[in-house]
Amino acid sequence: MSEGELVTVRARTGAEQAACPACGTLSSRVHSRYVRRLADSAVGGRRVLIELQVRRLRCRERACRQATFAEQVDGLTFRHGRRSAGLQKVLERLAVMLAGRAGARFAEVLTAQVSKSTLLRLIRRLPEPEPTTPRVLGVDEFALRKGHNYGTILIDIETRQPIDLLPDRTTTTVARWLAGHPGVEVICRDRSTAFAEAGRIGAPEAVHVADRWHIWSNLSEAVEKTVVQHRALLREPHDCAATPISAAMKTMELQPHAAPGPRTAGRLSDRIREQHTAVHALLGKGVGLRAIGRDLGLARNTVRRLAYSTSPDELLVGQWTGRTSILDPYKPHLHERWAEGCTVARRLFEEIRARGYTGGESVVKKYVARLREAFPLDPPRKAPSVRDVTGWLTRRPDRLTDDQVQRLKEILARCPALERTAHHVRAFAELMNNRQGHALDQWMTSVKADDLPALHTFVTGLGQDLDAVVAGLSLRYSSGAVEGHNIKIKMLKRQMFGRANFDLLRKRVLLSARGRS
């Protein structure tokens, strides 16, 4: 039956017998009947309500603690449920994927009325996944609240799935988990002393493997410190582009624009030429200047200029041609600053005004435009940052552009310390990519022979956890999967801040890993 936006389905059970949920005895003795109302998945964007008539039966086993029970329909009903089994399963998966607010908003799209608190309760009621003990375990920390609270994530490196989440990152907590899950043969971890000590206490027989990602990250930090120590050499020499332009300005005087020639076309030129011809024609007839002005309708001074000029071209040439400029005493300073790379007219104007210039800014702008036309300057390249150079040194060479390769070569040529650092970085990269952990001692010896304090600190740190580092550079295991799950945890905990919701976060992560989402 359809009523507006609601579709109602009326049905009743047809089974002759039902099993008691307590003892399993089949019974057909009817105690009573009643109607259950179940919300079901929407059809055509309309909500569906199932009105199901069910029976309450008497248990035939006298010793059973449950005298009566309600019959259930497989695949449709479950005890105390007000939704169909299909809709319940959809909401459980939705809760695991999106949790509270986001899940409730998406449920509206599915035409299912459910609150954020209901979805969180569904997660809590789901059964705990069966615990497993991996052979190769990855251990890393993640932030419950960045800078304040941190937890520990445990990953099965072989299946790349999370095994468990621990509420903190202390040695005691991790060691207790390892002791309660015997069978771990390999522990992949970062170079944290807490995780190293926990592994030695909880799984003394396990082989420790320092993660290659973290080792390379520590090397990158050491390289960055070295670059910071030599950051003054990252900028290109200042006078490399200014020298030829400065010499050109000294040897060649910037010539002023040629005097503009007389106008040869246009209304002004045509009018002046006609008036000049008319005035001189009347003068040839002996007519006076006053009478010429009356006849032609011209002012006395205009007639006088036309009469005293031998040709109209004299009247069509600018009167300021050949005069000196107020800017001339300050042009040497402008040339010097232009050769140094200062091309901003406003800044140049302020500099010469401080030196006594009394003219306007427009004069400086016009002269700067002439300099720009006569002596074009390539815009100076921005000096690479410490982060840029660190990335060029630690990145694969085939992933650098031609410009980056060229700029790195120039920097290394100016700074021998960075050139030696680049050599050590390339050697370590080959050692790590080729799994040549046995050659680590030789690499460490070559670094100690160089005067590179930041790399010396890195080598000292490697020596404190040498066995795990050698294993990390030799074995195929790596906890790179942990970093991906850290990102996933950040997404899952957006609506669950603090330690109070840690159990809920843990269940969501584990259920997601078991394929419930």
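**Figure 1. Strand β9 and its two neighbours.** Strand β9 is joined to strand β10 (residues 161-166) by 5 bridges, and the two run antiparallel. Strands, at least two residues of type E, and helices, at least four residues of type H or I, are DSSP runs numbered from the N terminus; two strands pair if DSSP finds at least two bridges between them. This is a predicted model, in which local features need pLDDT of at least 70 and side-chain atom pairs count only at pLDDT 80 or more, while totals for chains, interfaces and linings use all residues. Residues are numbered from 1 along each chain as its sequence is written, and side-chain values use heavy atoms, with hydrogens and water left out.

Within the pairing of β9 with β10, isoleucine 155 stands opposite proline 162 of β10. The hairpin of these two strands has 4 residues between them, and arginine 160 has a positive phi near 60°. On the pairing with β8 (residues 136-145), 8 bridges join the strands, again in an antiparallel arrangement. Phenylalanine 142 has glycine 151 of β9 as its bridge partner. β8 and β9 also form a hairpin, here with 3 residues between the strands, and glycine 147 in the turn has a positive phi of about 85°. Of the 8 residues of β9 (residues 149-156), 7 are buried, so the strand is largely enclosed by the rest of the structure. Buried means under 20% relative accessible area, exposed means over 50%, and partly exposed lies in between (1.4 Å probe, protein chains only). In a regular strand the side chains alternate between the two faces of the sheet.

**Figure 2. A charge over the ring of tyrosine 150.** Arginine 169 lies over the face of tyrosine 150, and the distance to the ring centre is 4.1 Å. A charge sits over a ring if NZ of Lys or CZ of Arg is within 6 Å of the ring centre and within 35 degrees of the ring normal.

**Figure 3. An aromatic pair between two helices.** Rings of Phe, Tyr and Trp (its six-membered ring) pair if their centres lie within 6.5 Å; planes under 30 degrees apart count as stacked, over 60 as edge-to-face and the rest as tilted. The count by this rule is 6 aromatic pairs. In one of them, tryptophan 443 and phenylalanine 458 meet edge-to-face, with 6.2 Å from centre to centre and 85° between the planes. Tryptophan 443 belongs to helix α17 (residues 440-448) and phenylalanine 458 to helix α18 (residues 453-464), so that the pair links distant parts of the chain, 15 residues apart. Both tryptophan 443 and phenylalanine 458 are buried. Together with Trp216 and Phe428, Trp443 and Phe458 make up one aromatic cluster.

**Figure 4. Arginine 212, a buried charge.** Arginine 212 is found in helix α6 (residues 212-229). Which side chain of opposite charge is nearest to arginine 212? The nearest is aspartate 211, 6.3 Å away, and the buried arginine 212 has no salt bridge. Lys and Arg count as positive and Asp and Glu as negative, while His and the chain ends are not counted. A salt bridge is a side-chain nitrogen of Lys or Arg within 4 Å of a carboxyl oxygen of Asp or Glu. A polar atom of the arginine 212 side chain lies 2.9 Å from the backbone oxygen of glycine 472. The backbone oxygen of tyrosine 477 is 3.3 Å from a polar atom of the side chain of arginine 212.

**Figure 5. Three salt bridges.** The count of salt bridges comes to 15. Glutamate 185 forms one with arginine 135, where the closest N and O atoms are 3.2 Å apart. This pair links distant parts of the chain, 50 residues apart: glutamate 185 is in the loop between α4 (171-180) and β11 (186-189), and arginine 135 is in the loop between α3 (116-125) and β8. Glutamate 185 is partly exposed at 42% relative accessibility, and arginine 135 is partly exposed at 31%.

Glutamate 361 and arginine 346 meet in a salt bridge of 2.7 Å, N to O. Glutamate 361 is in helix α13 (residues 361-374) and arginine 346 in helix α12 (residues 345-354), 15 residues apart. Arg346, Glu350, Glu361 and Lys365 are linked in a network of salt bridges. Arginine 396 and aspartate 398 also form a salt bridge, at 3.4 Å from N to O. Arginine 396 is partly exposed, with 43% relative accessible area, whereas aspartate 398 counts as exposed at 57%.

Key:
Polar contact = N/O pair within 3.5 Å; in protein donor to acceptor, adjacent residues only side chain to side chain.
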